[in-house]
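Open the model in your viewer and keep the selection tool at hand. Each stop below says what to select next and what is there.

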Amino acid sequence: KKNVNYIKAYHFKSERARMLTEGMLSTNDVVHTVSLRHCHVGIHGARAFADLFRANTNTSLTSLDLCSSGIGVKGACALGDALKTNSTLHTLDISGNMVGVKGAKALANALRVNNNTALHTLRLTSKQIGNGGAMALAEMLRNNTALHELAINGDFDVRDWDFGIRAEGARALANALKTNSTLHTLDLAYNMVGVDGAKALADALRVNTALAIMHVDMNKIGDEGAKALADALRVNNSNTALHTLRLKSNNIGVEGTHALAEMLRVNTTLQYIDLGYNDGGDTGAKAFADVLRTNVALQKLALNQNDINVEGTDALVEALSSNDKLKELNIADNPGVGYSWDIMSWWDDLDSDGDDDHTAVGDSRVIKRSDCSSFVA
């Protein structure tokens, strides 16, 4: 139908992908998004989409989601080959597929050859691409000036972490970031980059002026890695564009949490820090509480499940009374925050002017201000 611009399907198989690309999509100039995530698209389905892009008969399709669709190495290679001449596709999500080193290299080579490609978002899974795939993608970033978002996620299952890019892959990407001036978002969650990988990324942040969002969740960077990142963001305060830093589940203790809090005394660009599922404790909470009294940039802070007791909780709540910039504070699942904590009464007192610009969700133990919709992470 000529008025259909979004296609989303379930239980979709490869033969139907061929029917879709050779039929409706070959002549349709309205459909801009196709989502077949978790469908059995397979190698043949991926090749069908690759043929469509090569034929260049469809000029409207800008977003293709083939997440966890079983395209494999050959499917990724076919899509990579098609991207060499692509001028319309903006977003390609093939995360959850085992594309291997060969598939990652095919995609990287396409984006290096076709520097003027329209593709600005690429999402894939690091499992099985290893250091070789990460290095190929890093080399691509040295030349490509179109890509804005690169996600190389590992697997949530800790048993599969050995398949991540690890420190060597992180170092290659970090070195590319020192000269790349266009990448906006880098997602390296679940990759076991460790302390050395975090230090390499920190070195890149000292000179990079473009990266705005970085996810390093579940990478075992520890206190040492957290301190390296904090030092970098303290040094490059005036030039960095980084406004979102996610460090969930990284074995960050008191020292690392304290270092990140102290960094906020001079950093004026960070708007969101996620330290959920770490071990900052009361000392880390009080360090952030102290900084919140003067920091006017931070809008969202997550310290959920950080072993924060009543002392740390009270310090954070007290700090909020003198901070009107923070829009969301997540302190859920800490021993010092219970259902009996009278957060609603406190928030009502804070909002005594009656303008109703604050709300609180007591049972979820997430403190929010209603204007948080103005913040986009």
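## Stop 1: a network of salt bridges

Select Arg37, Asp65, Asp93, Arg123 and Glu149; salt bridges link these residues in a network. The model you are looking at is a predicted one. Its salt bridges number 17.

Now keep only Asp93 and Arg37 selected. Their side chains meet in a salt bridge, with N and O 3.3 Å apart. The two residues come from distant parts of the chain, 56 residues apart. To see this, colour strand E4 (residues 91-93), which holds Asp93. Then colour strand E2 (33-35) and helix H3 (42-55); Arg37 lies in the loop between E2 and H3.

Are the two partners buried or exposed? Asp93 has a relative accessible area of 5%, so this residue counts as buried, the limit being under 20%. Arg37 has a relative accessible area of 32% and is therefore partly exposed.

## Stop 2: a salt bridge within helix H9

Select helix H9, residues 222-235. Show the side chains of Asp231 and Arg234, which form a salt bridge with an N to O distance of 2.8 Å. How far apart are these two residues along the helix? Asp231 and Arg234 are three residues apart, which means that about one helical turn separates them. Asp231 is partly exposed, with a relative accessibility of 32%. Arg234 is also partly exposed, at 32%.

Next, check the length of H9. With 14 residues at 1.5 Å a residue, the helix should span 20 Å. The expected span counts one residue less than the helix contains, because the rule multiplies 1.5 Å by that reduced number. The C-alpha atoms at the two ends of H9 are 20 Å apart, so the model agrees with the expected span.

## Stop 3: the buried residues of H9

Stay on H9 and select Gly222, Gly225, Ala226, Ala228, Leu229, Ala230, Ala232 and Leu233, the buried residues of this helix. What do they pack against? Show helix H8 (194-205) and helix H10 (254-263), then strand E8 (213-215) and strand E9 (244-246): the buried residues of H9 pack against these four elements.

## Stop 4: Arg293 and Asp290

Finally, select Arg293 and Asp290. They form a salt bridge in which the closest N and O atoms are 3.8 Å apart. This pair counts as a salt bridge because the cut-off is within 4 Å. Arg293 is partly exposed, at 36% relative accessibility. Asp290 is partly exposed too, with a relative accessibility of 36%.

Methods. Residues numbered from 1 in each chain as written. Predicted model: local features only at pLDDT ≥ 70, side-chain atom pairs only at ≥ 80, totals over all residues. Heavy atoms only, no water. Buried < 20%, exposed > 50% of the residue type's maximum accessible area, 1.4 Å probe, protein only. Contact = heavy atoms within 4.5 Å.
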